[in-house]
Amino acid sequence: MTPNQRLLIAVALSILFFVAYTAIFPPVQPEPKEAIQTSKSVELKQDKSLTQTTYDSEAGHDISAEEQISANASNTLVTIKNSKFILKIDTLGCISSKLLLQDKFNDKENHHSELIPNEGAKPLFVRFLDETINKEATSIPYTTSVSDVTLGDVPQKITLTQKLSSLTVTKTLTFYADGHYDAVVNTSVDKRHFIYLGHRPEITKKLMTVVGAMVYTDDDIVTIIADGDSENRKSFSGVELISAFDQYSATIMYGFTKDTNIVVDRDRDDNPIVYFDALQTMKFNGYLGQKEYKVLNSINPVLTNAIEYGWFTFASKPLFQLLSFLHGIFGNWGWSIIALTLMVRVLLYPLTYKGMVSMQKIKAIAPKIKELQTKYKGDPQRLNAATMDMYKKHKANPLGGCLPMLLQIPVFFAIYRVLLNAVELQGAPWILWVQDLSRMDSFYVLPILMGASMYYQQRLTPNNFTDPMQEKVFKFLPVIFTFFFVTFPSGLVLYWVVNNLFSILQQFIVNTQFKNAKDVEVAVHKHAIREEEKKHKLDKKDD
């Protein structure tokens, strides 16, 4: 395979990385109401694991979540307000709603974002193992020490009480203006029960991002169970935090003792459901909100691990730190992205330069390689030997153009993950028409610039295609990339545009250097010929 063929494959793999996940795993569409309202007996007969369940393997205890969800659809017991959000607690002591009031977090329809979905278990839902107690717990309402709270700089404490026939449940919750809370859940009698993290927010649709649940343990291991991938029930200990998350927001609980048993189960759609075994008096902390690094770090540094970067976390975390540092200088996320891109390109310049030089050398000897292919057409061994001798003679590495590019791929994907998961870009303007770097460019200026710059970069880049079909496909790549990048966040497309422009500049420099070197070589050769002719004339005169 020629270097350009390998390059074509690498680019094709990059396209697959961008589009295949969405194509294979499209966002799960909500079920029609008719499907949801089917008979409970039929549902249980079809699948005993269709529900968000908590069960004891020895006792074989299994309870339908549909019962719990309908029970949770209760009236609001407490409303907590401040300038950034409105939080509601229902009559079963669960957080039933958190509405974000800041316009920059609005959804695509420009409505205020709701962190708590209508369906699914709610944060702080308590479920008892004893079926009799649990039936009471899902029907008897809590009482509250206060029903309306205006939250300012001073934390506000709320006490919720549920009196059952055999015990009393008390939830003491302290809410803070930054979105986190302290929780103490006590049962007057020690009966085994479980507390739910709650279903993940469903504000943003899946755009090449993982959504689901996360468990972060004290050995720095992150376990992510994506929606649709939850299979067998899993237990964890030594847990630092649990999170149910979408692209930008999360429901988080943390502050557990090391021996707390955290369980990840599955619902009817194989989505993860997280809960934990609670002590008679259970103390822990929670957070509901956007995954803003500064906010999470100010609450507790461990919470920053809830920002999910996937395989490239090792590179994405420091890159985001650098991006944040640049934002502190420029005060604008768009210019910060440009500065970050340029810094990374300068850092990788030696690799890029080496690759470009290697491609120029390969192009220069391409005609000679073709002559060898014609000469040794029926003798592959002699052809390979002659080809390698040609490479050595001209100091050309056939992998030189490919390896530098492969080494840059982790850096590219790390930046890609940073820009795709950075909630800080929500509502962040750049210039003129780009007023939200987390959303697509509605005027298509950046995607068109990206495609145009990619096309021009192709024109500058040396190639030695031998297959006309491959060359045609390669020329269509800018169109394909433009098509797919139209809906990408403008911050990510901005990175690509700047990256392409810098690559064009680098390629122009390398091309100019080779042209100058070739001109010098030609000039030296002509000079040598002229000198030889002069010498020949003088020799003739002497004769």
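In the predicted model, strand S15 and strand S18 (residues 281-290) are paired in the antiparallel sense, with 6 bridges between them. Within this pairing, Thr251 stands opposite Leu288 in S18. Strand S15 covers residues 249-254 and also pairs with strand S14 (residues 239-245), again in the antiparallel sense, over 5 bridges. In that second pairing, Ser243 has Ile252 of S15 as its bridge partner. The connection from S14 to S15 is a hairpin of 3 residues. In general, the strands of a sheet are paired through backbone hydrogen bonds, in either a parallel or an antiparallel arrangement.

Strand S15 is mostly covered, with 6 of its 6 residues buried. The side chains fall into two sets: Ser249, Thr251 and Met253 point one way from the strand, while Ala250, Ile252 and Tyr254 point the other way. Both sets are buried. Alternation of side chains between the two faces of the sheet is what a regular strand shows. Thr251, which faces Leu288 across the pairing with S18, thus belongs to the set with Ser249 and Met253, whereas Ile252, the partner of Ser243, belongs to the set with Ala250 and Tyr254.

Ser249 lies in strand S15. Its relative accessibility is 1%, and Ser249 therefore counts as buried, the cut-off being under 20%. The side chain of Ser249 makes a polar contact with the side chain of Asp246, at 2.7 Å. Leaving aside residues up to four places away in sequence, Ser249 touches Leu115, Pro201, Ile203 and Ala244, as well as Gly289, Gln290 and Lys291. Among these, Gly289 and Gln290 fall within the range of S18, residues 281-290, and Ala244 falls within that of S14, residues 239-245.

Elsewhere in the chain, an open sheet of 4 strands has the order S3-S2-S1-S6, and its pairing is mixed. Its edge strands are S3 (95-100) and S6 (148-150), each of which pairs on one side only. Neighbouring strands of this sheet are turned against each other by 15° on average, direction ignored. Strand S2 (residues 85-90) pairs with S3 in the antiparallel sense over 5 bridges, and Lys88 is placed opposite Ser97 in S3.

For the protein chain as a whole, 14 helices and 18 strands are assigned. Of its 543 residues, 49% count as buried. The accessible surface comes to about 27500 Å², and 58% of this belongs to carbon and sulfur atoms. Among contacts with a separation of 6 or more, 66% are accounted for by residues 24 or more positions apart.

Confidence varies along the chain. The average pLDDT is 79, and 76% of the residues score at least 70. The highest confidence is found in strand S8 (residues 168-175), at a mean of 97, and the lowest in helix H3 (residues 40-46), at a mean of 32. Over residues 15-73 the pLDDT is below 50, and this stretch has 104 contacts in the model beyond near neighbours in sequence. Residues 1-10 also stay under 50 in pLDDT, and the model has 20 contacts for them beyond four places in sequence.

Technical notes: Residues are numbered from 1 along each chain as its sequence is written. This is a predicted model: local features need pLDDT of at least 70, side-chain atom pairs count only at pLDDT 80 or more; totals for chains, interfaces and linings use all residues. Side-chain values use heavy atoms; hydrogens and water are left out. Two strands pair if DSSP finds at least two bridges between them. Axes are lines fitted to C-alpha atoms, for helices over the stretch in contact, and angles run from 0 to 180 degrees between N-to-C directions. Buried means under 20% relative accessible area, exposed over 50%, partly exposed in between (1.4 Å probe, protein chains only). Contact means heavy atoms within 4.5 Å. Accessible areas come from the Shrake-Rupley method with a 1.4 Å probe; for residues, only the protein chains shown count as cover. A polar contact is a pair of N or O atoms within 3.5 Å; within protein, one must be able to donate a hydrogen and the other to accept it, and residues adjacent in sequence count only if both atoms are side-chain atoms. pLDDT is the predictor's confidence in each residue, from 0 to 100.
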